[in-house]
Each structure stands twice: as C-alpha cells, then as structure tokens.
Amino acid sequence: MKTTANHPQTFRSVPATSTPVSKTRVAALLDQEWARFKEGTGKSVQHWDPYPIAITSAQGAYMTDVDGRKLLDMSMGFGAMLAGHLNPVVVAEIKNSLSEGMLFVTPSPISRDAAERICKRFAIDQVRFANSGTEATMYAVRLARSITGKNAVVKLEGGYHGSFDPLMVSCKPSLSEVGDANDPTPVANIGTDPGEVFVVPFNNIESLERVFQANADKISCFILEPVLENIAIVLPDAGYLESVRQLCDQYGIILIFDEVKTGLTAGYQGAAQRLGVKPDLITLAKSIGGGVPVAAFGGKEKYMRAVTDGRLGHFGTFNGNPLAMAGIRAIDQICTPQALEKAEALNQQALVRINEIIDEYKLPAHTVGFGVKGCITWSTTPVRNYRDYKATDFQVAELSWLWSLNRGIITPPGLDEQWLISLAHGQTEIDILVEDFRSLAKALRD
Ligand SMILES: Cc1ncc(COP(=O)(O)O)c(C=O)c1O
C-alpha cells in the first residue's frame, strides 16, 4: 500500500472523530469579531480590508500597537525574529559593528566570519550573501541555469519563493485555472515574464518523474521548500524528499531547497539536515539574521564555482554589509541546540494541548508542526498538497485568526501561516495561546 505517513521528523495529529461546526454559527461569530476588531483599533491606518494593525514597538515576544494594545507576537516577523524582538546579543553585535563603520562595499573580517558560521552550521561548501529571500532564490535559480546551460524551472503548485518571475508561477492559483491535479497547469502572474516553468504537486513523485522524463533536456532545477510553510504547514510524506533527490540525480537536475522559512526554525542545522536529504543548493534568509535584512544562497563547491569563475555575476551594494553580518554572528551564538530544543519542546506542548481541546470539542481540525512552528488546519484529513489546502475551511480559519487578534495575539494575516515559538516565548505565552484556542472552541460549540 502507498504510504502517506508524514516524515518522522515532523508532527501531525489528526483526530479519529469530529463533528462539523455550524456555518451559521461561524458567520455570526465572524460578524461579532469584525465589529470588535474595529472598536479596538481606531488608530491603525486604512490599507486593506479593513486595515492592518500598525505597530509602534516590540520587545521580547510582545509588540505594542498604535492604540496602545500589547499584543503577543506569534508571527515574529515570519520567523525573522526567532531570537525575540531586540534580543540583547543581536543589539550588542549590531552596535558593536556600527561603531566600526556602516558600509564598506568590499569584504571585511566580519563577512568572512559570517560566511564561515553559515557554511559550518548548514554543512555547505560556499555561501554568497544577499538582502532578501527573493534575491537568494533568484540567484540560486540563475546559478542552476548558468551551470546546466538549461533555462526551464520546476516548482511546486502552491510553492512560494518570493517575487522572481518564474517563481511566482502557480503560487496561489485560482482553482478555475489549475487543470488536472496530477498534471497542474502553470499559472503565470500578470506583469511577469516567467519563461518555461513546469509545475508539479507536492508529495507526488510520479508526477515529478513524468515531467523530468519528458523535459530533462530543458530543465535546470527543481526548487521547493522541504516543508511547505506558505500554505500553513504541509509536511513531506515519509520518503518523498529522498525520492526527489534520487530523481534529480538520475536526470541531472539541480535540487534547490528554499530554506528561507524553515532555516533555523526547523532546528539547529536547518531542515535539510534534520530531514536527512542534501540538496545541491540552499537559500536562506529570515531566521539567520536576527531581524536585519539579510539572505544567502550556497551549496556545493562544484556549483558555487560558477560565481567565482565569473559564469554568474552576483553583485549588490549591500551584499554582506557589516550590520547584516553582525546579525548573523549574533544568531549563530544565540541559536544553540539547547536554546532551540527548549523552544521546540514548548511548541510540542502547545500542539499536544491544542489536540486535547480539538478532541474534547470534536472539532473538524488537526494540528501540524515542524521545529518551533505549528498550526491548526481546519480539515479532518491530512493536507498533502495545494489542492488539499484549498479544500480546508477558510471561513473558520479566518475566525480563528481574528478571534486571537481581538484577544491580544497576533499571527500572520494570510490564513496560510503558522505560529512561531521564539526563544523569547515561555510557559506563560504557551498558556495564553492554548487558552485562547479553548475559548474559541467553546464559542464554536455554544
Ligand atoms: C519560502 C520563501 N522563499 C522566499 C521568500 C522571499 O523572501 P523575502 O520576503 O525576504 O524576499 C519567502 C518570503 O516569505 C519565503 O517564504
């Protein structure tokens, strides 16, 4: 029988039984919560419907908004604030670096130090610094194209990698345009010129093999997040990544793991090492820098050599700037195995306690976790790809997000995101998260 068990280093718990929630009840609660949202946030500026929360300051695991409300931050800068807001080591390293100058536009000992730390931790031969995840994924793809002399790219349906044209294909396509689930139609964005892009479903090795078989002579690389973290959290099936690695080797296609989101949130050495599959190239950003704008791409020397021998131009005024490098140096000191394990244990506790509430109230939901991240997925069956994700209950997901926000807990607004237990979160914050979910569960069943 075909296995759909998740990778053993990841967490998913689906309840055996549940009963549906009433759509009318959810709609009434949503009306109530949107009214409450508007009452409490008069000073936030109008931008989207109705408007985002504007923040004035942040410290540790909390932020303060323009209305003076203290919010428990469960988003933590999409993972960039893994060490906590204004972590003293990050602040000290940045101040220290600033005292020596701000921008040299040429290498310095601190950029060498940061590069060595990243290479050691992520077990890569060489690394290049950039300023955003978008740049890192763009350069990784360009590098693959320069090495192979081929231009086509393979990506996942529902995979997000920033805003380089080919990588914007089928990020969140409308179901009216996506075609066959096993052979998805690539959907490009207006205003982009993506070139040739093949799109495959996650956790479907047959589909990937078909695309490789028919087009290997044109394909430079396959890029994916090893755990999808832009459509909530979608886990790789046990064995999937190993098969991907094997197929890429078989067809001479470069395998890129986009670890912009997983990175250190997946564990001390990132997702690739934790999951036991080595890509050819990785991209990093967010969690590696303590909140400064910094990103990186790197990997095997035989590929990175294309940058040093001039086949691929990689330039940028702010690449490897001292303040960004100071952020990396600080995070490398802070994110010890012990510190990350402690945060992961708290995350695990939150997931287990939330499962108990899901069971108690027989909610049509389940929990998913990886490293220090977790989420509640409003579906009674595991989500293994973009189509499954689109079949989850977005109405109750919206309510869950708004419910928390109105009670002082901020999570990312996309309904596709996850919470993050940073090094600044402790038992108190876990209790707040869990008890808030209990209050929602009660309201749904009243
Ligand atoms: C997996 C992944 N790759 C790349 C990016 C792009 O990073 P940035 O926003 O720094 O450009 C993101 C951003 O969320 C991401 O989640």
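This is a short talk about the fold, the surface and a few residues of one protein.

Hi everyone, thanks for coming. Before we look around, please keep in mind that this is a predicted model.

Let's start with the whole chain. The protein contains 13 helices and 17 strands. How compact is the protein? Its radius of gyration is 22 Å, close to the 22 Å that the globule rule gives for 446 residues, so the protein is as compact as a globular protein of that length. If you want to picture a box around the C-alpha atoms, that box is roughly 65 × 60 × 40 Å along the principal axes.

Now, who touches whom? Take the contacts between residues at least 6 apart in sequence: 74% of these join residues at least 24 apart.

What about inside and outside? Of the 446 residues, 58% count as buried. The protein exposes about 18000 Å², and carbon and sulfur atoms supply 53% of that area. As for charge, there are 43 positive and 49 negative side chains. The centres of these two sets lie 2 Å apart.

Let's zoom in on one of the negative side chains, Glu93. You can find Glu93 in helix 2, which covers residues 88-98. Is Glu93 buried or exposed? Its relative accessibility is 14%, and buried means under 20%, so Glu93 counts as buried. Which residues does Glu93 contact, if we leave aside its neighbours within four places in sequence? The answer is Ala326, Arg329, Ala330 and Gln333.

My last stop is the aromatic rings. The structure holds nine aromatic pairs. One of them is Tyr386 with Tyr389: the ring centres are 6.1 Å apart and the planes meet at 35°, so this pair is tilted. To call a pair stacked, we would need planes under 30 degrees apart, and edge-to-face needs over 60.

Where do these two tyrosines sit? Both are in helix 11, residues 386-390, and they are three residues apart, about one turn of the helix. Tyr386 has a relative accessibility of 1%, so it counts as buried. Tyr389, at 5%, counts as buried too.

One more thing to look for on the screen: Trp34, Phe37 and Trp401 form a cluster, linked by ring pairs.

So, to recap, we have seen a chain with 13 helices and 17 strands, a buried Glu93 in helix 2, and a tilted pair of tyrosines in helix 11. Thanks for listening, and do ask me anything!

Note on methods. Residues are numbered from 1 along each chain as its sequence is written. This is a predicted model: local features need pLDDT of at least 70, side-chain atom pairs count only at pLDDT 80 or more; totals for chains, interfaces and linings use all residues. Side-chain values use heavy atoms; hydrogens and water are left out. Helices (H or I, at least four residues) and strands (E, at least two) are DSSP runs, numbered from the N terminus. The radius of gyration is taken over C-alpha atoms; the globule rule is 2.2 Å times the number of residues to the power 0.38. Buried means under 20% relative accessible area, exposed over 50%, partly exposed in between (1.4 Å probe, protein chains only). Contact means heavy atoms within 4.5 Å. Accessible areas come from the Shrake-Rupley method with a 1.4 Å probe; for residues, only the protein chains shown count as cover. The place of a charge is taken as NZ of Lys, CZ of Arg, CG of Asp or CD of Glu. Rings of Phe, Tyr and Trp (its six-membered ring) pair if their centres lie within 6.5 Å; planes under 30 degrees apart count as stacked, over 60 as edge-to-face and the rest as tilted.
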